[in-house]
Amino acid sequence: MRNYKLILAAAAILAAASSCSDKVRVDGVLTGAPDSKVVFKRLAGAGLNVLDTVKTDASGAYSYKMDIAAGQPEFIYVFHDDTKVASLLLQKGDKVKVVSDIDGGFSVEGSEESVKLKEVEDDFADFLKDFSSAVDAGDTPAASRKYVEYYRSRIKYIMDNSKSLTSIPVLFQKINDDFPVFSQSTDAVHFRAVHDSLVTLYPDSKYVAALSSEAEKRFNVLSLEQKLSSANEAGFPDAELPSIDGKKVKISDIDSKVVLVHFWQAADAAQKMFNQDVLIPLYKTYHPKGLEIYSVSLDTDKGVWASTVKSQELPWINVCDGLGAASPIVFTYNLTRGLPMAYLIEDGNLNPTTISTDKELRALISAKLK
């Protein structure tokens, strides 16, 4: 009987030890924040849920333990005040060391997935910095190139890391609320491929389940677009942008024989002269014959744009979303040659000729609207 009790006691001790070792432990140092608070948050849907608040000691050190189920890694984020000071992708049994500063810089070791997650975030931050610089400088071709290069690098990343959950945040990265990095309908294929790879390793992961829902939604959109395409309802890339009165106008709603989709910037004096010297005379001549202009401003200051439209009394459709070179229409129409630039839509079909000079413009319109 005594031996039986000893066996039970030993089993209980082993079980407790095993349970303890399965806990995730995060040992961190937050430099510059002694006797302060750090908050642990877990990714849940599109937001973050608070898990716990931990106090640092006099040296800024802290420690936190949490349970994570086998096969269900968690995205955990550490905050000091409103600043994120660590991004972690933790799984059962991880023992992680984090060193952070109060400005948000950090290093991590002890978790391969957390190291990858940091690299993913660093790459995205570097891209946003370069892309924003090009946008702020009004360099649309450079911004477009930066985006294309980054998009291609992210496709390579998810292909090389299809077994890593870090591919999920890559797929959901956004340049702004209206411009996801993976913004093309055909990107549904990438969402599905990553899901099918991850589900073999993490069948119970809520993040993989969410990825499945997103992949299905995107495939529904892709299917619809393919049906519309096969029906030949639109032979050009459509767009819907706010006009001078704030109402959104779609290109496909314009009932004209020829639509000139014109890209410009009101902040550029030469482009304003192009309106006066080329577009207004052209419009007066050919509007009665079936020409309409859908003029897209790529200005970030909508006040400057609106003032120019009114002062020049531009009689056509004028639209601007205020996103400048970050506007999705920049990439829809592949604006890589600078501004002004234009395309013609003739009888519902896009003329593939890129128009960048007044001579090219006059020749094409006069040939179509004699």
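This is a short dialogue on reading the sheets and helix packings of a predicted model.

Student: Before looking at any fold, what is the mean pLDDT of the protein?

Tutor: Good place to start, since this is a predicted model. The mean pLDDT is 87, and 90% of the residues reach 70 or more.

Student: Where does pLDDT stay under 50?

Tutor: Look at residues 6-20. Over that stretch the model has zero contacts beyond four places in sequence.

Student: Now the sheets, please. In what order do the four strands of the open sheet come?

Tutor: Reading across the sheet, the order is S3-S2-S5-S6, with antiparallel pairing. Strand S3 (47-55) and strand S6 (83-90) have a single partner strand each, so they stand at the edges and one side of each is left without a neighbour in the sheet. From one strand to the next, the twist averages 25°.

Student: How many bridges pair S2 with S5?

Tutor: Four bridges, in the antiparallel sense, between strand S2 (residues 37-44) and strand S5 (residues 74-80). To find the register on your screen, pick Lys-41: its bridge partner in S5 is Tyr-77.

Student: Which strands does helix H2 lie across?

Tutor: Helix H2 (residues 112-136) lies across S5 and S6, and runs at about 135° to S6.

Student: H2 also packs against helix H3. What should I look at in such a pair?

Tutor: Two packed helices are described by the angle between their axes and the distance between the axes. Here H2 and helix H3 (residues 140-160) pack at about 165°, and their axes are 8 Å apart. An angle over 145 degrees counts as roughly antiparallel, which makes H2 roughly antiparallel to H3. The crossing of H2 past H3 is left-handed.

Student: Which residues in H2 and H3 meet?

Tutor: From H2, the list includes Val-120, Phe-124, Phe-127 and Phe-131; from H3, it includes Ala-143, Tyr-147, Tyr-150 and Arg-154. By class, the residues of this contact divide into 11 nonpolar, no polar and five charged.

Student: Let's move along the chain. What is the pairing in the open sheet of five strands?

Tutor: The pairing is mixed, and the order is S15-S14-S13-S16-S17. At the edges are strand S15 (317-319) and strand S17 (349-355), each of which pairs on one side only. Ignoring direction, neighbouring strands of this sheet are turned by 20° against each other on average.

Student: Do S14 and S15 run parallel or antiparallel?

Tutor: Parallel: three bridges join strand S14 (residues 291-297) to S15. You can check one residue pair by eye, as Ser-295 has Asn-318 in S15 as its bridge partner. Helix H7 (residues 269-286) packs on the sheet as well, touching strand S13 (258-264) and S14, and its direction makes about 175° with that of S13.

Student: And at what angle do H7 and H10 pack?

Tutor: The angle between H7 and helix H10 (residues 358-368) is about 5°, with axes 12 Å apart. Angles under 35 degrees count as roughly parallel, and H7 and H10 are therefore roughly parallel to each other. Among the residues making the contact are Phe-274, Leu-279 and Leu-282 of H7, together with Leu-361, Arg-362 and Ile-365 of H10. This contact divides into seven nonpolar, one polar and three charged residues.

Technical notes: Residues are numbered from 1 along each chain as its sequence is written. This is a predicted model: local features need pLDDT of at least 70, side-chain atom pairs count only at pLDDT 80 or more; totals for chains, interfaces and linings use all residues. Side-chain values use heavy atoms; hydrogens and water are left out. Two strands pair if DSSP finds at least two bridges between them. Helices (H or I, at least four residues) and strands (E, at least two) are DSSP runs, numbered from the N terminus. Axes are lines fitted to C-alpha atoms, for helices over the stretch in contact, and angles run from 0 to 180 degrees between N-to-C directions. Contact means heavy atoms within 4.5 Å. Angles under 35 degrees count as roughly parallel, over 145 as roughly antiparallel, 65 to 115 as roughly perpendicular and the rest as oblique. A crossing is left-handed if the near helix is turned anticlockwise from the far one by less than a right angle, and right-handed if clockwise. Ala, Val, Leu, Ile, Met, Phe, Trp, Tyr, Cys and Pro count as nonpolar, Asp, Glu, Lys and Arg as charged, and the others, Gly among them, as polar. pLDDT is the predictor's confidence in each residue, from 0 to 100.
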